[in-house]
Amino acid sequence: MPEITLSQAVNQAIAEEMRRDETVFLIGEDVAEAGTPFKVTSGLVEEFSTDRIIDTPISEPGFMGLAVGAAMTGSRPIVDLMFGDFLFLVMDQLCNQAAKIHYMSGGKLNVPLVLRTNLGATRRSAAQHSQSLHALVAHIPGLKVAMPSSAYEAKGLLKTAIRDDNPVVIFEDKLMYQDKAFVPEEEYRLPFGKAAILREGTDVTLIGTSSMRQVCEKAALLLEQDGINAEVIDPRTLVPLDESTILDSVKRTSRAIVVDEGHQNFGTTAEIASRISEKAFYFLDAPVVRMGAMDVPIPFSPVLEDITVPTAEGVADKARKLVAGELIHAL
Amino acid sequence: MPFEIKMPQLGMNQDSATIVTWLKNVGDKVTKGEAIFEVETDKATMEVEAQSEGYLSCIQVELGVEIPVGELIATIVENKKDVVKSVRAPVLTNEEDSKLDEEQKSSIEKEVAAGKNDVPTSEEENSSKSQELVSPSSASKKVLASPKAKVIAAERGIQVSRLRSLGLSEPIHASDMMGLPVGGQSNLMAVVDDGLFLELVEGSDKIDKKTIFVSFVRGAWRFLFPEKALSVQIINLDGSVSSSGDTDSRNHEAPAVSISLFDLRKTKLFSYGSGSSGNILSIGHHNGTFILNFSYSDADIQLSDATKLINEIAARVENPILQLL
């Protein structure tokens, strides 16, 4: 099994699906010759020409609307949104149109569209290019949301997304594009709504999405030194969410920390934590802890930026307190 | 000029508090900074110090009653001769006590008792912060236990409100519950003819009659469960304990099962059992028979073992020679 970067995995997934299905095309800013700022789509234009790898002007609402129309009329567009922060520009096309058309047409129209974008801070890109906004779209019924946490997930989930007849938003961590993982050469797809247990444990469940999976895995190693056995779960998709894997785990460990890079307030961590509290309440031996990004605009200052996101040390510290039975919140 | 002691504001949004204990009596000398009473707000309990030196005088308020912030509580006077007896709630000196009408007295006693009982039983492990959270004010309130700990308590038939009295530090977690006995309590009774016992034991000078039943229990236990440790104690009728020697000295890995003996032979009582925990064997004497009543905790002893044990003890009471064999 070759080891490839997350960026190469995405590239392979797009190429394979475009070869398989000629209705698939890629559209976005700087996707052709430039291959995006992260060089994810480099080389695709040589194989598929500018007919199917389409550069657009800087006009996110325009090409997003175009893609929704194309998806309604038989194509399977992959939209490349250069930064997740630009989601705000395509909100109407995505949330009011793409998400609702299947429902409002009485099932007569499908919108088989993939919006590929990214998340993640600590790249020194300041407040408008560092946000993790997946919770915004996960909130909207009619949209699926995938959060790959390595090259393996990135390829498997993207291929599933492209073949899905519903709009899917897929968030890649922009800091992980060069991270390598083993990816099978043969065809594979990862199902939506199926979480991965990356490490089995008995004392506390660490649930980490996307970039925070690595944070949780590192935290588990730190905790191992203290004799604490942490289970690490990557939900892989937020919508649909694999509730049963998470609940089964928490019922075994009685403790949970949900870690996600989106802002903590009203976010992904809150949603998962509340489902645990609702559905595994009688199994809990400690409060369910949320750890999201600090609720501030992401600072440009590297020193400040680094403290806005959860760290392995921070997660391990919280886990130790839960296992020790410390009172987490004052009454 | 007497100094007025008023109810202090102890928190931002606190508008009243309750005096739970007086630490000084009327007429006592107080120095500045010395604690004179203890108040309880909805958040915490704390001591209030004297702001001036003198003698405590003229207490205006009752224990256990909500007093608005700023209300006059008592005064501190400069000279002992200016001390005025309390207008209402007298303090804890005997001479004051005697002047109380019974109702007032009992209400004060209740308060004092409640105050004493509220001291949490084990708090060494808590940080100072959590100590504050489970200290007296909250002690009378809800027991802090995790949902899982509560489920375990329910499964074992232990009321959550009892967990505090078992000495667990709060918040209580599932792991704290592991060492607790299960809640079930069972009862067995045996009736034994007293003829041979009276003849052999009561008639003998060499047998220590006080501990003969302890010997029977130990002997029966050793005969049936040689691998398990046992400790036996005699509970006197006034509740005091006379220990009958230490736990069986042989090495046992599991902690000893403890059995308490109630000797009711010289009384008209013939049986005693406890609804809570513990293993109690009472021995009554009535109409030519001994009545052995064994109230035991299911967590310590299984039914099959308990029946064997009581049968064996009964046999020894019936025929004390068995004990010698």
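The exercises below, each with a worked solution, concern a predicted model.

**Exercise 1. Determine which parts of chain A are tied together by the salt bridge between A:D80 and A:R116, and whether its two residues are buried or exposed.**

Step 1. Begin with the contact itself: the side chains of A:D80 and A:R116 form a salt bridge, with an N to O distance of 2.7 Å, and a search of the whole structure finds 36 salt bridges over all chains.

Step 2. Next, place the two partners: A:D80 belongs to strand 4 (residues 76-80) of chain A and A:R116 to strand 5 (residues 114-119) of chain A, so the pair ties together parts that are 36 residues apart in sequence.

Step 3. Finally, apply the cut-off, by which buried means under 20% relative accessible area. A:D80 has a relative accessible area of 5% and is buried, and A:R116, with 3%, is buried as well.

**Exercise 2. Locate the partners of the salt bridge between A:R255 and A:D285, and decide whether they are buried or exposed.**

Step 1. The side chains of A:R255 and A:D285 meet in a salt bridge, where the N to O distance is 3.9 Å.

Step 2. This pair links distant parts of the chain, since A:R255 sits in the loop between helix 9 (243-253) and strand 13 (256-263) of chain A, while A:D285 sits in the loop between helix 10 (268-279) and strand 14 (289-293) of chain A, 30 residues apart.

Step 3. The relative accessibility of A:R255 is 12%, which counts as buried, and that of A:D285 is 2%, which also counts as buried.

**Exercise 3. Find the elements against which the buried residues of helix 9 of chain A pack.**

Step 1. List the buried residues of helix 9 of chain A: they are A:T245, A:I246, A:L247, A:S249, A:V250 and A:T253.

Step 2. Follow their packing: these buried residues of helix 9 lie against strand 9 (196-199), strand 10 (204-208), strand 11 (230-234), strand 13 and helix 10 of chain A.

Step 3. Look just past the helix: A:S254 follows helix 9 of chain A and has a positive phi, near 70°.

**Exercise 4. Describe the largest nonpolar core, and name the helix that gives the largest share of it.**

Step 1. In soluble globular proteins, nonpolar side chains tend to be buried together. Here the largest nonpolar core has 69 residues, and those with the most contacts inside it are A:I53, A:L87, A:L94, A:L113 and A:L115.

Step 2. Helix 1 (residues 6-20) of chain A supplies the largest share of this core, namely seven residues.

Step 3. Take A:L113 as an example: leaving out residues up to four places away in sequence, A:L113 touches A:M64, A:A67, A:V68, A:A71, A:P77, A:V79, A:N166, A:P167 and A:V168.

Step 4. Another core, of 32 residues, lies apart from the largest one and includes B:I212, B:F225, B:F294 and B:I301.

Step 5. B:F225 also appears among the contacts of B:D305, which, neighbours within four places in sequence aside, is in contact with B:F225 and B:K228. B:D305 is part of helix 9 (residues 303-318) of chain B and, at 14% relative accessibility, counts as buried.

**Exercise 5. Work out which strands stand at the edges of the open sheet in chain B, and where B:E4 fits in.**

Step 1. The open sheet of chain B is formed by four strands in the order 1-8-6-3, with antiparallel pairing.

Step 2. Strand 1 (3-6) and strand 3 (29-30) of chain B are the edge strands, each having a single partner strand, so one side of each is left without a neighbour in the sheet.

Step 3. Strand 1 of chain B is joined by four bridges to strand 8 (residues 72-77) of chain B, and the two run antiparallel; B:E4 stands opposite B:T75 in strand 8.

Step 4. B:E4 also forms a salt bridge with B:K6, their closest N and O atoms being 3.6 Å apart. B:E4 is partly exposed, at 42% relative accessible area, and B:K6 counts as partly exposed at 43%.

**Exercise 6. Identify the residues of the nonpolar surface patch of about 580 Å², and the helix that gives the largest share of the patch.**

Step 1. The patch is made by B:L196, B:L200, B:I321, B:L322, B:L324 and B:L325.

Step 2. Helix 7 (195-202) and helix 10 (321-324) of chain B are the elements that each give two or more residues, and helix 10 of chain B gives the largest share, three residues.

Step 3. B:L324 lies in helix 10 of chain B and is exposed, with a relative accessible area of 72%.

Key
Residues are numbered from 1 along each chain as its sequence is written. Chains are lettered from A and ligands numbered from 1 in the order in which they are written. This is a predicted model: local features need pLDDT of at least 70, side-chain atom pairs count only at pLDDT 80 or more; totals for chains, interfaces and linings use all residues. Side-chain values use heavy atoms; hydrogens and water are left out. A salt bridge is a side-chain nitrogen of Lys or Arg within 4 Å of a carboxyl oxygen of Asp or Glu. Buried means under 20% relative accessible area, exposed over 50%, partly exposed in between (1.4 Å probe, protein chains only). Contact means heavy atoms within 4.5 Å. A nonpolar core is a set of buried Ala, Val, Leu, Ile, Met, Phe, Trp, Tyr and Cys residues joined through side-chain atoms within 4.5 Å. Patches are made of residues with over 30% relative accessible area and no salt bridge: like charges are joined within 9 Å, nonpolar side chains (Val, Leu, Ile, Met, Phe, Trp, Tyr) within 5 Å. Accessible areas come from the Shrake-Rupley method with a 1.4 Å probe; for residues, only the protein chains shown count as cover. Two strands pair if DSSP finds at least two bridges between them.
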